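Before you take this entry further, I would like to go through some local features with you. The points below follow the order in which I would look at them on screen.

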Amino acid sequence: MNPKQLIKLLSLSTVILFAACAQTGSEIETRIDALLAQMTLEEKIGQMNQLSYDVSAGADLAQQIRIGRVGSLLNIVDPEALNELQRVAVEESRLGIPLVVGRDVIHGFRTIFPIPIGQAATFNPELIEQGAAIAAREARSAGVHWTFAPMLDISRDQRWGRLAEGFGEDPVLGAAMGSAMVRGYQGSSLADPGSIAACVKHFVAYGAAEGGRDYNSTNVPPHLMRNVYLVPFKAAIDAGAATLMTSFNENDGIPGTGNKALVRDMLRDEWGWDGMVVSDWASVTEMIAHGFAADPKEAAMKAANAGVDMEMVSGSYLEFLPELIKEGKISQEYIDNSVRNILRLKFRLGLFDNPYTDTSTPSPLYAPEHLEAARETATQSAVLLKNNGVLPLEGIRSLAVVGPMADAPHDQLGTWIFDGKKDRTITPLAALRDAYNGQINIIHESGVEYSRDRSTAGIASAVAAARRADVVVAFVGEESILSGEAHSLANPELQGAQKELIAQLAKTSKPLVIVVMAGRPLTVGDELAAADAMLYSFHPGTMGGPALVDLLFGAVSPSGRLPMTFAKEVGQIPIYYNHNNTGRPFQGTETMIDDIPREAGQTSLGNTSYYLDAGVESLFPFGYGLTYTTFEYSNLALSSEKIAMNGSLEVTATLTNTGKRQATEVVQLYIRDVAGSLTRPVKELKDFKRVTLAAGASTEVNFTLTTDQLAFYGLDMVRHAEPGEFRLWVGPDSAKGLETGFTLE
Ligand code: GLC
């Protein structure tokens with residue numbers, strides 16, 4: 001037996017020896033130590049190198065894997081092809097270290113769920129966890145071990161295309177949704193055949209891009225960083241997220257991929273996290289374009305010193321880490337720690353014991369229960385913004401179905417769809433025909449072919465269809481390409497001839513229902529005024545059609561609530577509910593532009609913070625949403641008017657369904673810290689509950705508010721609650737509710 005075979009036998013026996021044992025943390029660390037001790041520097045650095053299969057596939061890839069220069073692949077979803085490359089890694093490389101395979105499974109693998117901003121609108125973490133677990137089962141069956149999700153970037157800017165992939169403007173909602181997705185993806189053990197590793201991204205504050213223009217600079221100061229942008233990340237890390245991805249943006253001059261203070265000092269040392277950090281696509285060498293590195297060698301040095309364990313596709317680690325170590329610019333300890341983090345992920349995923357994808361088991365793709373879960377999520381994610389009584393549709397004999405999104409199987413799926421198949425999408429038109437053919441005369445005229453279509457040639461036919469029908473439902477919105485990465489809009493409004501289509505339909509005086517399928521909150525004020533009802537569906541996925549039809553015909557009442565504020569005017573952006581008060585807050589009595597007297601005196605308008613031509617009011621506030629009944633809040637009560645530090649408060653209120661239909665209310669609890677060592681937001685969501693009530697029923701809703709929920713990073717940059725007066729609301733959204741107060745002592 002030659003030395004190479006002996007080492008192979010030893011390492012294999014080491015792995016087999018431990019393979020029989022359960023994978024406890026300490027045993028994994030022992031296995032890591034044993035393996036690390038055998039690795040050459042080149043093999044260690046090879047583990048830190050990730051290649052994209054769709055870019056690097058070819059005979060050389062197998063050779064690269066064979067000689068230990070590749071630790072991970074992304075964008076390979078053919079289990080047979082993957083098993084062959086995995087065999088090369090496990091059986092033909094010197095130490096047999098398996099590959100870990102990543103993929104953007106952002107809102108479903110084959111069965112596509114609503115885009116994450118839509119999932120946030122459910123205010124239902126349990127449902128989101130279920131959807132992530134389904135996505136994990138489908139993805140793992142195709143050989144994917146690791147998803148680059150959930151995206152936890154807080155966004156307050158409706159122009160930013162990637163808000164579609166996140167959970168909106170609120171840290172508490174983002175934390176609840178992100179943690180739920182991590183639990184869903186990862187299950188009870190990463191080694192389970194239905195689990196995949198989560199990857200919380202993009203670290204950090206990527207959503208604060210100046211001007212809402214993707215990849216643009218961000219300037220989030222330390223207090224705001226900790227009190228808003230890091231909150232969902234800390235929650236998801238505490239929920240056990242296995243990996244994290246650094247961001248493209250630079251914040252205050254430091255790119256996320258080179259930010260040692262945030263990655264190595266805070267994430268590792270302060271938070272004590274032992275997961276694996278991967279860069280974003282080429283974000284290591286993009287630090288050259290940023291002007292943060294002079295060349296790929298310096299970029300590699302800064303990323304590795306910052307704590308980025310694995311480099312996605314840009315190859316500078318492979319090329320320059322050896323000499324950087326020789327030059328003493330990177331410590332061997334840093335390299336070893338990065339390799340530990342990578343090996344730990346692979347051990348936790350069970351890849352040393354089961355490296356291959358079992359292709360003999362029945363495929364879970366598009367399983368009926370998966371489709372049903374996607375339909376339920378799409379149903380709960382839709383938000384009813386207006387209804388003058390036309391919904392739910394009842395007793396109609398003919399229905400005009402118009403608009404570019406009525407039958408758009410590709411665009412309905414939304415952004416970041418690599419593996420969902422449009423031929424499995426059930427569109428609203430298909431669902432209507434399936435459910436009501438023969439009962440209702442369905443007249444379909446798109447009027448505008450696709451969302452950017454500027455041609456008005458088809459509008460006359462759509463208007464004619466409307467004239468022949470009892471009710472018109474216009475499905476408008478955005479093609480999926482208009483949101484997501486690199487797809488920001490200076491004018492987040494209905495594109496093409498859609499506005500003209502709505503205006504012409506309104507002239508028919510027929511009852512007009514508008515259903516918007518989009519990747520972001522659009523400025524739809526004009527269309528809202530023209531409509532008798534508006535239902536907002538953030539790209540609802542594979543089962544969006546049946547879900548929307550159930551809602552339109554009242555099989556279920558809408559229960560979605562807005563995860564982001566809707567602006568009236570693009571000029572109001574950024575606009576969000578949890579803003580600070582300023583020293584001259586809007587009073588509500590200010591004179592608007594049309595009412596200003598001629599030659600008005602310089603200080604005659606009151607000198608408060610508002611737009612003369614747009615005020616400060618949003619089109620719709622965070623948390624807003626209607627349903628097919630009405631709810632009344634009463635009897636708001638606190639267990640005490642005072643809380644001792646480290647104590648808690650019981651909050652109760654009565655909710656009554658004062659309408660005629662069963663429906664679900666999202667009861668929301670907000671507070672305001674009236675005065676602090678820093679200025680505090682005028683409102684902060686602290687908890688929420690979905691409560692379903694039959695017509696006429698009442699129930700008591702209870703929350704427990706702890707002082708930890710009141711804690712924030714104060715002037716001293718220490719996280720703690722501060723004594724003083726607080727206001728508290730329980731209500732249906734961030735603009736309304738029963739109000740009371742308490743004192744923290
Ligand atoms: C992209 C995205 C990131 C994604 C990665 C891999 O550029 O920024 O979210 O996970 O590259 O596709």
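1. I would begin with a single pairing, and I keep in mind throughout that the model is a predicted one. F631 has N657, a residue of strand 19, as its bridge partner. This pair belongs to the antiparallel pairing of strand 17 with strand 19 (residues 648-657), which extends over 6 bridges.

2. The sheet around that pair is an open one of 3 strands, arranged in the order 17-19-22 with antiparallel pairing. Its edges are formed by strand 17 (631-638) and strand 22 (698-706), each of which pairs on one side only. If direction is ignored, neighbouring strands in this sheet are turned against each other by 25 degrees on average.

3. A second open sheet should be viewed separately: it is built from 5 strands in the order 18-26-25-20-21, and its pairing is mixed. Here the edge positions are taken by strand 18 (642-643) and strand 21 (684-693), which each pair on one side only. Towards the strand 21 edge, strand 20 (residues 663-673) and strand 21 run antiparallel and are joined by 9 bridges. If you want one residue pair to anchor the view, V667 stands opposite K689 of strand 21.

4. Turning to the helices, how far apart are the axes of helix 8 and helix 9, and at what angle do the two pack? The axes of helix 8 and helix 9 (residues 171-186) are 7 Å apart, and the packing angle is about 35 degrees, with a crossing that is right-handed. On the helix 8 side the contact involves P125, I128, E129, A132, A133, A135 and A136, and these meet A176, M177, A180, M181, R183, G184 and Y185 of helix 9. Sorted by class, this contact comprises 11 nonpolar residues, 1 polar residue and 2 charged residues.

5. Helix 8 (residues 125-141) also meets helix 17 (residues 368-381), where the two axes come within 10 Å and cross at roughly 145 degrees. Is this crossing left-handed or right-handed? The crossing of helix 8 and helix 17 is left-handed. Helix 8 contributes L127, I128, Q130, I134, R137 and E138 to the contact, while helix 17 contributes E369, H370, A373, E376, T377 and Q380. The contact of helix 8 with helix 17 divides evenly by class, into 4 nonpolar, 4 polar and 4 charged residues.

6. The ligand site deserves its own inspection, since 13 residues surround the ligand, the closest being D104, R162, K201, H202 and D280. An N or O atom in the side chain of D104 is 2.5 Å from an oxygen atom of the ligand. For H202, a polar side-chain atom lies 2.6 Å from a ligand oxygen atom, and a polar side-chain atom of D280 likewise lies 2.6 Å from an oxygen atom of the ligand.

7. Which two residues does the cis peptide bond with an omega of about -10 degrees join? That bond joins K201 and H202, both of which are also listed among the closest residues to the ligand. H202 itself is found in strand 5 (residues 199-203), so I would look at the backbone there together with the side-chain contact described above, bearing in mind that most peptide bonds are trans.

8. Another cis peptide bond links A149 and P150, with omega about 5 degrees. P150 is placed in the loop between strand 4 (146-147) and helix 9.

9. Finally, the backbone at Y215 should be checked by eye: this residue is not a glycine, yet its phi is positive, at about 75 degrees. Most residues other than glycine have a negative phi. Y215 belongs to the loop between strand 5 and helix 10 (222-229).

Note on methods:
Residues are numbered from 1 along each chain as its sequence is written. This is a predicted model: local features need pLDDT of at least 70, side-chain atom pairs count only at pLDDT 80 or more; totals for chains, interfaces and linings use all residues. Side-chain values use heavy atoms; hydrogens and water are left out. Two strands pair if DSSP finds at least two bridges between them. Helices (H or I, at least four residues) and strands (E, at least two) are DSSP runs, numbered from the N terminus. Axes are lines fitted to C-alpha atoms, for helices over the stretch in contact, and angles run from 0 to 180 degrees between N-to-C directions. A crossing is left-handed if the near helix is turned anticlockwise from the far one by less than a right angle, and right-handed if clockwise. Contact means heavy atoms within 4.5 Å. Ala, Val, Leu, Ile, Met, Phe, Trp, Tyr, Cys and Pro count as nonpolar, Asp, Glu, Lys and Arg as charged, and the others, Gly among them, as polar. A residue is near a molecule or strand if one of its heavy atoms lies within 4 Å of it. A polar contact is a pair of N or O atoms within 3.5 Å; within protein, one must be able to donate a hydrogen and the other to accept it, and residues adjacent in sequence count only if both atoms are side-chain atoms.
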